[in-house]
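I opened this structure to look up a few residues, one helix and one sheet. My entries follow in the order I made them.

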Amino acid sequence: MSLEDRLYPLLSVYHALPRGAQSGLGLAYRCLPEAWRWGSRYREFKRLAENTEQWSADELQAYQLKQLRMVLHHAANYCPFYQKRFAKAGFRPEELRELKDLERCPTIEKRDLIEHIEDMASTRFNGSRRLYLTTGGSTGVPVGFYLQKGVSRPKEQAFLEAMWNRGGYFKGARLAVIRGHVTSEETRGRIADYDATRDWLMLSSYHLTRERLPEYLAALDRFNPDLLHAYPSAALQLAELLERTKQPWRWPIRGLLAGSERLTMPQKRLLERVFQCRVYRWYGHSERVVQAGEGCKSELFYFWPTYGYVEFGPMNDEGLCEVIGTGFHNLVMPLIRYRTGDYVRLADPRVDGELEFPWPAASSVDGREQEFLVSHKGRRISLTALNMHDAIFDDLYAVQFYQAEPGRAEFRYVPGPKFSIKRLPQIEWGIRRKLGDDFQIDLRAVGEVEKTEGGKHRWLVSRLSDSRFQERTD
């Protein structure tokens, strides 16, 4: 098992240490060999990601069949949920002879994870091999699941680095990060932390205002990053502030890594103009079932064929198809034909040009939008940054924020049968910690949250009409 997985439960203890102690311990940790930090399988996955780009279609298909058979047989032998589901559907894993045979296997969805998580977990592995995480994803439906220690996280790291390399990343690069890191719960608190374990500058996405822009620029001056790693919404906020204050971007960075939110092509071109570098987009999710990223030159999203097996649901009226994935390698809790709730527009070579890789590809991802809560003082807080990866939203069927005036929001939740109201103070504390001290939050149980016209859950229902709070697209 990797040190990353062993030390993960102690992360909050590390962050509570004085900054000097964090820097010393972080530097020592960063100097350890990769095989110690990420585990022995990191190098295996790193080689796999590198080789995947060179493999022929026949080699890729052979690998996918091998992995599908492995995960299906494991699920049929060790996971009570799949044993029952396969039997009910009359599906026999041993009859999988080619990839299209998987279509006979039943799909699963988020509700199955909520209601059957323990039965979906493999009886072959004890609790010490499981790493529990949760996510609200792009749908506002909190889901808990298990990753496999020593496997899932080193695999994710290896494939992410292989993708990021196409966008200018290199080993040892100094990244300025503007994502969901909480630097302070106070409106006037500090805007930056230093992550010595990776030599990254962690900038707050919660304090990014015109008033405090000089502090961000000073921190960037001192750090001198090689790349910017940001939520698209945070990068757009920074670009907007730079242009409004007529300040140029002063640091010659190799690229801007923009993931976790939808980024349109006009927005991407705006960011490339302001930051004078390539903006690299990718798609993934916390469940780690499938992953896709732009090519070296192409701006299409290419799904890694060795990370997981991707299928696409029927095309809807908008020309979009749901992403359905079967994850490889995580045998602690296999996810087989998992309906992600994310939608893509499939690439068309007649329109999008020749594919850079012979892999499934999409021209756009209709995932999490750039949605904001607005504080009393005008701070914009991305809903993506409020996605919780601990157990805080466990046993809730759906969550949603509703806002009609700056500085005040309602957190609506649909309780499941196992939910206890005794957990409400913990939920309120977790939300307030990220919103800051110029926000009032009210919690309300509801029977159902408001949905889109297409029936999808919404993270945010905003009644704010002021144009200052609208998404910038040009």
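**Entry: Met265**

I checked Met265 first for exposure. This is a predicted model, and in it Met265 has a relative accessible area of 30%. I noted Met265 as partly exposed because that value lies between the 20% limit for buried and the 50% limit for exposed. I then placed Met265 in helix α12, which covers residues 265–275.

Which residues does Met265 contact, leaving aside its neighbours within four places in sequence? I found Arg281 and Glu299. I followed up Glu299. Met265 and Glu299 are 34 residues apart in sequence. Their C-alpha atoms are 9.4 Å apart in space.

**Entry: Glu4**

Next I went to Glu4. I found Glu4 in helix α1, residues 3–7. Is Glu4 buried or exposed? Its relative accessibility is 17%, so I wrote Glu4 down as buried. The cut-off for buried is under 20%.

I listed what Glu4 touches, not counting residues up to four places away in sequence. The residues are Tyr29, Arg37, Trp38 and Arg153. With Tyr29 there is also a polar contact: the side chains of Glu4 and Tyr29 are joined at 2.7 Å.

**Entry: Lys171**

I turned to a loop residue. Lys171 sits in the loop between α9 (152–166) and β3 (175–178). I read its relative accessibility as 43%, so Lys171 counts as partly exposed.

What does Lys171 contact, leaving aside its neighbours within four places in sequence? I noted Glu34, Tyr42, Lys46 and Glu161. Two of these names came up again when I looked for polar contacts between side chains. Lys171 and Glu34 are joined by one of 2.7 Å. Lys171 and Glu161 are joined by one of 2.9 Å.

I also took a distance to Gly436. Lys171 and Gly436 are 265 residues apart in sequence. C-alpha to C-alpha, they are 35 Å apart in space.

**Entry: helix α11**

I looked at helix α11, residues 232–244, as a whole. It has 13 residues. From its first C-alpha to its last it reaches 18 Å, close to the 18 Å expected at 1.5 Å a residue.

How many residues of α11 are buried? I found eleven of the 13, so the helix is largely enclosed by the rest of the structure. Among the buried residues are Pro232, Gln237, Glu240 and Leu242. Just after α11, I noticed that Lys246 takes a positive phi of about 55°.

**Entry: a four-stranded sheet**

My last stop was a sheet. It is open, has four strands and shows mixed pairing. I wrote the strand order as β19-β18-β17-β20. The edge strands are β19 (440–445) and β20 (460–462), and each pairs on one side only. Neighbouring strands of this sheet are turned against each other by 20° on average, direction ignored.

I looked closer at one pair. Strand β17 (residues 396–405) and strand β18 (residues 408–415) run antiparallel, and seven bridges join them. I looked up one bridge by name: Leu396 has Pro415 in β18 as its partner. A reminder to myself: strands of a sheet pair through backbone hydrogen bonds, either parallel or antiparallel.

Which helix packs on this sheet? I found α14, residues 424–435. Helix α14 touches β17, β18 and β19. Its direction makes about 145° with that of β19.

Terms used: Residues numbered from 1 in each chain as written. Predicted model: local features only at pLDDT ≥ 70, side-chain atom pairs only at ≥ 80, totals over all residues. Heavy atoms only, no water. Helix = DSSP H or I, 4+ residues; strand = E, 2+ residues; numbered from the N terminus. Buried < 20%, exposed > 50% of the residue type's maximum accessible area, 1.4 Å probe, protein only. Polar contact = N/O pair within 3.5 Å; in protein donor to acceptor, adjacent residues only side chain to side chain. Contact = heavy atoms within 4.5 Å. Pairing = 2+ DSSP bridges. Axes fitted to C-alpha atoms, helices over the stretch in contact; angles between N-to-C directions. Expected span 1.5 Å × (residues − 1).
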